[in-house]
Amino acid sequence: MTHKIMVVDDDTDLRTTIQDILSGKGREVVSAKYGFQAIEMASEENIDLIFMDIRMSGMDGVEAF
């Protein structure tokens with residue numbers, strides 16, 4: 001069983017780096033740039049683990065959680 005991981009960060013370079021590392025380890029990874037986007041994606045998909053930035057523009061990580 002593969003676990004789906006979500007990476008949420010408004011820093012594109014950091015988000016992409018984390019996603020690439022996890023994908024390289026054979027993990028299924030989706031990503032979102034903002035809290036609102038993460039909430040929408042999580043409501044449509046089964047996400048097992050979320051790595052989320054706390055300080056993001058718009059809705060921050062604490063609000064999204």
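**Reading salt bridges, sheet and helix packing**

Colleague: Lys-4 counts as buried, at 15% relative accessibility. What is the rule for buried, exposed and partly exposed?

Modeller: Buried is under 20% relative accessible area, exposed is over 50%, and partly exposed is in between (1.4 Å probe, protein chains only). This is a predicted model, in which local features need pLDDT of at least 70 and side-chain atom pairs count only at pLDDT 80 or more, while totals for chains, interfaces and linings use all residues. Residues are numbered from 1 along each chain as its sequence is written, and side-chain values use heavy atoms, with hydrogens and water left out.

Colleague: How many salt bridges does the structure hold?

Modeller: A salt bridge is a side-chain nitrogen of Lys or Arg within 4 Å of a carboxyl oxygen of Asp or Glu. The structure holds two. One joins the side chains of Glu-28 and Lys-4, at 3.5 Å from N to O. Glu-28 lies in strand S2 (residues 28-32) and Lys-4 in strand S1 (residues 4-8), so this pair ties together parts 24 residues apart in sequence. Helices (H or I, at least four residues) and strands (E, at least two) are DSSP runs, numbered from the N terminus.

Colleague: Which side chain meets Lys-4 at 2.7 Å?

Modeller: That of Glu-45, also in a salt bridge, N to O. Glu-45 sits in the loop between helix H2 (35-44) and strand S3 (49-52), so its pairing with Lys-4 in S1 ties together parts 41 residues apart in sequence. Lys-4, Glu-28 and Glu-45 are thus linked in a network of salt bridges. Both acids are partly exposed: Glu-28 has a relative accessible area of 36%, and Glu-45 is at 25% relative accessibility.

Colleague: What is the order of the strands in the sheet?

Modeller: Strands of a sheet pair through backbone hydrogen bonds, either parallel or antiparallel. Two strands count as paired if DSSP finds at least two bridges between them. Here the sheet is open, with three strands in the order S2-S1-S3 and parallel pairing. S2 and S3 are the edge strands, each pairing on one side only. From one strand to the next, the twist averages 20 degrees. S1 and S2 pair over five bridges, and Glu-28 is the bridge partner of Lys-4 in S2.

Colleague: Where does H2 lie, and at what angle to S2?

Modeller: H2 lies across S1 and S2 and runs at about 140 degrees to S2. Axes are lines fitted to C-alpha atoms, for helices over the stretch in contact, and angles run from 0 to 180 degrees between N-to-C directions. Contact means heavy atoms within 4.5 Å.

Colleague: Which residues of H2 are buried?

Modeller: An α-helix has 3.6 residues a turn, so residues three or four places apart point the same way. In H2 the buried residues are Gly-35, Ala-38 and Met-41. They cover an arc of only 125 degrees around the axis (taken from the directions from the helix axis to the C-beta atoms), which puts them on the same side of H2. They pack against S1, S2 and helix H3 (61-64). The face turned away from the buried side carries the exposed residues Phe-36, Ser-43 and Glu-44.
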